[in-house]
Amino acid sequence: MEKRYGRITGWGAYVPEKVLTNHDLEKMVDTSHDWIVQRTGIHQRHIAGPDETNATMSTEAARRALAKANLDATELDLIIVATTTGDYITPAVSSQVQHMLGATDVPAFVLANGCTGFLYALTTAQQFISGGVYKNILIIGSELLSRYVDWTDRNTCVLFGDAAGAFVMQASNEPCGVYGFDMGSDGSGSENIIAPAMGSAEPVNATTFAEGRQFIRMNGREVFKFATRILGRTSQRSLDQAGMSFNDIDCIVPHQANLRIIQAAAKVMDVPMERFLVKVHKYANTSAASIPVAICDGLESGEISLDDRLLLVSFGSGLTWASAVLQMAPTRQRQVYTNGTKAPVVAELVAA
Ligand code: UT7
């Protein structure tokens, strides 16, 4: 069989209109704009309105991605929604999205893996494409975290935001897509990010509800240490699989959780911060939506282009990690950076 690549033909993001700034949060909990900026790099986050749900946000991002790809929802072969904040425990939000898009009878499932969910979904979609099973796959990363955080807990409520991002991946004969990936999990750290009373282990009752055990709790320092340990390692594994080095990468798109984590990762990777796409100041941590939303923003602002070689890298609850070397579209004209800076040293023109 001819080799089939997963080309990203469509991309779209949806962020709710309402913006909650750090100054707004100062009126809600004992915190300050300066503390939040210094410790996280976050300036604001978007918060879903009362009529919005994970399904409506996912569907809007998906509609934008499908329009870009010029593809009708009925032509989809598969829908994957990466989220841990679906509208209900059951049914899966993926079926609601499938219905709202009018994607009649298209298979759909949720991939619940916290902040690494979108990269797990991307690599899963790639397997269906390269295996020749499906041609058109919709991948969504969507989170409505504002309904899962305790708005009286300053340790967590300042960190998160709501958003959705979507990619359309289509089979192509031209080299592009996921060139290498790495995924991993270490459940021994599972208590470090947990909503204790949201599942079958500890069903919500009056006591757990009063104690707020249905909300996300986090050991921030442990997650921070884990992230700085793992981001460089998983990135190197993806690069090795792709047969590339950091010099072959135009832009690193990390999970947008904390600017200090990104800076620590840059140090470990020995890559200057200019080569990282950073959007955490605008959206805060939107978990599974963070990477696709950052990419959509970067494409719109011109910071990245479709044939850039991107290194996507994430960490999150589980604890889990994932990374992937992705070139969204086939090479047209590539800038190759060999001196580790943003300045192009060699520009090579490759025929499309
Ligand atoms: O997607 C993955 C999800 N999780 C993450 O990415 C989280 C990773 N961890 C982090 O980003 C950081 O650990 C945090 C931003 C959560 C916290 O930063 P930190 O530098 O690790 O602070 P800390 O937890 O060591 O707390 C330092 C102090 C504490 O006060 P004391 O005990 O030193 O008196 C906290 O109580 O800062 C206090 N603090 C705050 N102060 C003002 C914690 N949250 C706040 C706040 N405003 N919002």
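Me: Leaving aside its neighbours within four places in sequence, which residues is S190 in contact with?
Reply: Happy to help, and bear in mind that this is a predicted model. S190 sits in the loop between strand 8 (177–185) and strand 9 (193–194). Once neighbours within four places in sequence are set aside, the residues in contact with S190 are G318 and L319.

Me: How many Å separate the C-alpha atoms of S190 and G316?
Reply: Along the chain, these two residues are 126 residues apart. In space, the C-alpha atoms of S190 and G316 are separated by 9.7 Å.

Me: Does S190 count as buried, partly exposed or exposed, and what class does its relative accessibility give?
Reply: The relative accessibility of S190 is 31%. Buried means under 20% and exposed means over 50%, with partly exposed in between. S190 therefore counts as partly exposed.

Me: Thanks! Moving to helix 3, is S58 buried or exposed?
Reply: S58 lies in helix 3. Not counting residues up to four places away in sequence, S58 touches V81, V97, I140, S142 and A164. Its relative accessible area is 0%, and the cut-off for this class is under 20%, so S58 is buried.

Me: What is the relative accessible area of R63?
Reply: R63 is also found in helix 3. With residues up to four places away in sequence not counted, R63 touches M100 and L101. R63 is classed as partly exposed, and its relative accessible area is 42%.

Me: How far apart are the C-alpha atoms of R63 and P196?
Reply: R63 and P196 are 133 residues apart along the chain. The separation of their C-alpha atoms is 34 Å.

Me: Which residues in helix 4 does helix 3 meet?
Reply: Helix 3 covers residues 54–69, and helix 4 covers residues 93–101. From helix 3, the contact takes in N54, A55, T56, S58, T59, A62, R63 and L66. By class, the contact of helix 3 with helix 4 has seven nonpolar, five polar and one charged residues. On the helix 4 side, the residues met are V93, Q96, V97, M100 and L101.

Me: How are helix 3 and helix 4 oriented to each other?
Reply: Their axes lie 9 Å apart and the packing angle is about 50°. Helix 3 passes helix 4 in a right-handed crossing. An angle of about 50° is neither under 35 degrees nor in the 65 to 115 range, so the two helices are oblique to each other.

Me: And what is the orientation of helix 8 to helix 9?
Reply: Helix 8 and helix 9 pack with their axes 9 Å apart, at an angle of about 40°. That angle makes helix 8 oblique to helix 9.

Me: How many nonpolar residues are in the contact of helix 8 with helix 9?
Reply: F224, A227, T228, L231, G232 and S235 in helix 8 meet R260, I261, A264, A265, V268 and M269 in helix 9. Of these residues, three are polar and one is charged, while the number of nonpolar residues is eight.

Me: Last one: which helix supplies the largest share of the largest nonpolar core?
Reply: This core has 43 residues, and I252, M269, F276 and F315 touch the most other members. Helix 8 (220–242), helix 9 (259–269), strand 12 (310–316) and strand 13 (320–327) each supply at least two residues. The largest share, seven residues, comes from helix 8.

Note on methods. Residues numbered from 1 in each chain as written. Predicted model: local features only at pLDDT ≥ 70, side-chain atom pairs only at ≥ 80, totals over all residues. Heavy atoms only, no water. Axes fitted to C-alpha atoms, helices over the stretch in contact; angles between N-to-C directions. Helix = DSSP H or I, 4+ residues; strand = E, 2+ residues; numbered from the N terminus. Parallel < 35°, antiparallel > 145°, perpendicular 65-115°, else oblique. Left-handed = near helix turned anticlockwise from the far one by under 90°. Contact = heavy atoms within 4.5 Å. Nonpolar A, V, L, I, M, F, W, Y, C, P; charged D, E, K, R; others polar. Core = buried A, V, L, I, M, F, W, Y, C linked by side-chain atoms within 4.5 Å. Buried < 20%, exposed > 50% of the residue type's maximum accessible area, 1.4 Å probe, protein only.
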